[in-house]
Amino acid sequence: MFWFCVPDVTVFADIISTVEFNYSGELLATGDKGGRVVIFQREQESKNRPHSRGEYNVYSTFQSHEPEFDYLKSLEIEEKINKIRWLPQQNAAHSLLSTNDKTIKLWKISERDKRAEGYNLKDEDGRLRDPFRITSLRVPVLMPMDLMVEASPRRIFANAHTYHINSISVNSDHETYLSADDLRINLWHLEITDRSFNIVDIKPANMEELTEVITAAECHPHQCNVFVYSSSKGTIRLCDMRAAALCDRQSKFFEEPEDPSSRSFFSEIISSISDVKFSHSGRYMMTRDYLSVKVWDLNMENRPVETYQVHEYLRSKLCSLYENDCIFDKFECCWNGSDSAIMTGSYNNFFRMFDRNTRRDITLEASRENSKPRAVLKPRKVSTGGKRKKDEISVDSLDFNKKILHTAWHPKENVIAVAATNNLYIFQDKIN
């Protein structure tokens, strides 16, 4: 499979913090550190532009969150968008949830290409008319106008999280969703903003006894009563909301036994799970820790069925990565539409793709130099020592400031979106 860039790189004013395709893949939403949401729409192929299919152009841009201040705790609440999740489309409008550290908002994105004219009580410029001068009744008519895309906040879900929100996930019933912070997970109804149900609470009575925090949570794609959450200790808990109102006891506990011979000072840090994703089928789930991606069968708790090394060559660099705080970077991962391939990011603007059927993997680079429109991406290799080949890059020359934390895969086609700091790259596989 060969990948090429379509059509060019989009540069943002701020660092991209989340990327998400909608259910059809026709829309792509990104959030950034400045609290903005930018939505891209896929171009339809036409006779004049036969290769335009696959190109995504800006559809709507709006300010989702503003910086706030918590006066009780004397804390600034930054506007950075932590997560975006689309809701299934019910009508002509689209809906999405966006969240910063404390507040979740439900947005409606709708199109308007007609406006009403011929009001009885006001003029065309909006001024009120004198009622005594109205001698006849007019029926307002809809007149065509330039297409306008409007984003309006429909609900605001606030004041439910003491700690920073790290995950939101829409349930398969399309009526409820989860929100998770470091110590608690809440269940919300999309129609109710003034209350939520606390379904997981791992906060100890004495905070000095705290040993782990929640790092990610997600609802099962088909069973609305099932969800998972991961922890900083490298464990995953699967819970069933039918068992109890407070899911303080998990139904299943997934953990890979640690090899005592490889134990080091950094073991607990690199085992912390930064992302968890169910497969589209609901049979598997994928977790990302610092050095690897693991695929788990929901029917087998004692070890993963597949493990893919993302950048094992960094194991010898953990000390310097700890000193520059890169070891705490939170990489995301994603499935392709058929669950046959997975993708995740790395450093030096590299991203990795793994084919689950052939067990082949590839490293590609998202950079402005390599990503001219419709140019095929060349595989990259990292040299770990000894004699370096011509096309290889030395592990010592990797740029750890260039990192790909956020990726998304089109739900039906081989189109991927990769966020590299403030650049958004969209790649498509070359069919011809």
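Two strands count as paired if DSSP finds at least two bridges between them. In this predicted model, strands β26 and β27 meet that condition with five bridges, and the hairpin they form has four residues between the strands. The points below cover this hairpin and its neighbour, a four-stranded sheet, the aromatic pairs, the nonpolar cores and two individual residues.

**Strands β26, β27 and β28**

- Strand β26 covers residues 341-345 and runs antiparallel to β27, with five bridges between the two.
- Within this pairing, Ile342 stands opposite Phe354 of β27.
- Asn348 takes a positive phi near 65° in the hairpin of β26 and β27.
- Strand β27 also pairs with β28 (residues 361-365), again in the antiparallel sense and over five bridges.
- Here Phe351 is the residue opposite Leu364 in β28.
- The hairpin of β27 and β28 has five residues between its strands, and Arg359 takes a positive phi near 60° in it.
- Strand β27 itself, residues 350-355, is mostly covered, with five of its six residues buried.

**The sheet β21 to β24**

- An open sheet is built from four strands in the order β21-β22-β23-β24, with antiparallel pairing.
- Its edge strands are β21 (275-278) and β24 (306-309), each of which pairs on one side only.
- On average, neighbouring strands of this sheet are turned by 15° against each other, direction ignored.
- Strand β23, residues 292-297, is joined to β24 by four bridges, and these two strands run antiparallel.
- One residue pair in this sheet is Lys294 with its bridge partner Thr307 in β24.
- Ser292 also belongs to β23.
- Ser292 counts as buried because its relative accessibility of 5% is under the 20% limit.
- Apart from neighbours within four places in sequence, Ser292 is in contact with Thr287, Thr307, Tyr308, Gln309 and Val310.

**Aromatic pairs and a charge over a ring**

- The whole structure holds 18 aromatic pairs.
- One of them is Tyr177 with Trp188, a stacked pair with 6.2 Å centre to centre and 5° between the planes.
- This pair links distant parts of the chain, with Tyr177 in strand β14 (residues 176-180) and Trp188 in strand β15 (residues 184-189), eleven residues apart.
- Tyr177 is buried, with a relative accessible area of 0%, and Trp188 is buried as well, at 2%.
- Tyr322 and Phe328 form a tilted pair, with centres 6.0 Å apart and 50° between the planes.
- The angle of 50° counts as tilted because it is neither under 30 degrees, as stacking requires, nor over 60, as an edge-to-face pair requires.
- Tyr322 is partly exposed, at 33% relative accessible area, and Phe328 is partly exposed at 45%.
- Tyr322 and Phe328 also belong to a cluster in which ring pairs link them with Phe265 and Phe266.
- Arg356 places its charged end over the ring of Tyr284, 4.8 Å from the ring centre.

**Nonpolar cores**

- The largest nonpolar core contains 19 residues.
- Tyr290, Leu314, Leu321 and Leu398 are the residues with the most contacts inside this core.
- Not counting residues up to four places away in sequence, Leu314 touches Leu291, Leu321, Tyr347, Val395, Leu398 and Phe400.
- A second core, separate from the largest one, has 18 residues, among them Trp3, Met343, Phe351 and Tyr425.
- Phe351 of this second core is also the residue opposite Leu364 in the pairing with β28.

**Asp14**

- Asp14 is found in the loop between β2 (10-11) and β3 (16-21).
- Asp14 is partly exposed, since its relative accessible area of 25% falls between the 20% limit for buried and the 50% limit for exposed.
- Leaving out residues up to four places away in sequence, Asp14 touches Asp32, Lys33, Gly34, Arg36 and Asn422.
- From Asp14 to Cys247 there are 233 residues in sequence and 38 Å in space, C-alpha to C-alpha.

Notes: Residues numbered from 1 in each chain as written. Predicted model: local features only at pLDDT ≥ 70, side-chain atom pairs only at ≥ 80, totals over all residues. Heavy atoms only, no water. Phe/Tyr/Trp six-rings, centres within 6.5 Å; stacked < 30°, edge-to-face > 60°. Buried < 20%, exposed > 50% of the residue type's maximum accessible area, 1.4 Å probe, protein only. Lys NZ or Arg CZ within 6 Å of the ring centre and 35° of its normal. Core = buried A, V, L, I, M, F, W, Y, C linked by side-chain atoms within 4.5 Å. Contact = heavy atoms within 4.5 Å. Axes fitted to C-alpha atoms, helices over the stretch in contact; angles between N-to-C directions.
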